[in-house]
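Good morning, everyone, and thank you for making the time. Today I would like to talk about links between side chains, and I will take them one pair after another.

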Amino acid sequence: KSNKELADNKKVSLTEEQLNKFYKHIITGTERQIKKYTEIRDLFILQCLVGQRIGDMQKFFNGDNEMDEEAGTISSLSQKTKARAIIPLLPLAKEIISKYENKERKSIVNEALKEVAEQAGLDEPITYEENGIKQTQPLYKLLHTHTARHTFITILCRKGIPKETVIIATGHEDTKMIDKVY
């Protein structure tokens with residue numbers, strides 16, 4: 001298998017129950033750690049709820065988006081594909097956006113995300129294949145910012161949302177990736 005095919009075996013997504021558990025988890029540590037990890041966790045949860053790449057997340061806070069309160073959506077142009085993503089906003093996503101809008105955000109550090117997920121108890125064993133060898137690791141060790149995008153798409157697919165609607169929210173040009181991965 002190619003490296004890309006092998007990497008696909010490690011893709012995980014969270015359930016809505018796991019997202020809620022992660023969001024409600026009370027982070028411990030120093031005041032600085034609590035602030036940092038709370039922001040990282042919140043932004044990861046938002047990414048799970050809007051399905052955008054990490055490079056596009058700043059647009060939710062810097063005004064580089066269009067909010068349609070009546071339709072309950074937010075839209076922005078995808079940095080990678082230049083396609084317009086029209087994203088339905090769940091109440092929790094709105095809450096997180098309002099909590100952080102107009103603040104400068106730094107890039108999310110995957111290691112910190114893993115630490116917070118471990119604290120939250122996201123430690124279910126995940127078995128995957130890498131270089132032809134089966135391996136098992138706790139869920140939190142496999143999390144990274146792109147897990148949020150996988151989670152968003154997986155949740156929509158499990159809810160029976162048509163693929164053609166999902167690609168509008170994710171900025172994909174066609175359904176090939178959804179057909180292949182999800």
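**Charged pairs and cysteines**

Let me begin with a single lysine, K99, which at 39% relative accessibility counts as partly exposed. Please keep in mind throughout that what you see here is a predicted model.

The side chain of K99 meets that of D42 in a salt bridge, with 2.6 Å from N to O. This pair links distant parts of the chain, since D42 sits in helix α3 and K99 in helix α4, which covers residues 91-100, and their positions lie 57 residues apart in the sequence. Is D42 buried or exposed? With a relative accessible area of 0%, D42 is buried, whereas its partner K99 is partly exposed. The two residues are also not alone, for salt bridges that share partners join R41, D42 and K99 into one network.

Staying with helix α3, which runs over residues 31-50, we come to E39 and K35, which are four residues apart and therefore separated by about one helical turn. They form a salt bridge in which the closest N and O atoms are 3.1 Å apart. Here E39, at 14% relative accessibility, counts as buried, while K35, at 55%, is exposed.

Now let us move to another pair, K159 and E16, whose closest N and O atoms are 3.3 Å apart in a salt bridge. K159 lies in the loop between α7 (145-158) and α8 (163-170), and E16 belongs to helix α2 (residues 16-24), so this pair ties together parts that are 143 residues apart in sequence. As for the surroundings of the two side chains, K159 is exposed at 54% relative accessibility, and E16 is partly exposed at 39%.

How many salt bridges does a search of the whole structure find? The search finds eight, and the ones I have described are among them.

Finally, a word about cysteines, because you may wonder what a search for disulfides gives: the number found in the whole structure is zero, where a disulfide would need two cysteine sulfur atoms within 2.5 Å. Why do C48 and C157 form no such bond? The sulfur of C48 has its closest cysteine sulfur in C157, and that is 14 Å away, which is too far for a bond. Of these two residues, C48 is buried, at 1% relative accessibility, and C157 is partly exposed, with a relative accessible area of 25%.

Key. Residues are numbered from 1 along each chain as its sequence is written. This is a predicted model: local features need pLDDT of at least 70, side-chain atom pairs count only at pLDDT 80 or more; totals for chains, interfaces and linings use all residues. Side-chain values use heavy atoms; hydrogens and water are left out. A salt bridge is a side-chain nitrogen of Lys or Arg within 4 Å of a carboxyl oxygen of Asp or Glu. Helices (H or I, at least four residues) and strands (E, at least two) are DSSP runs, numbered from the N terminus. Buried means under 20% relative accessible area, exposed over 50%, partly exposed in between (1.4 Å probe, protein chains only).
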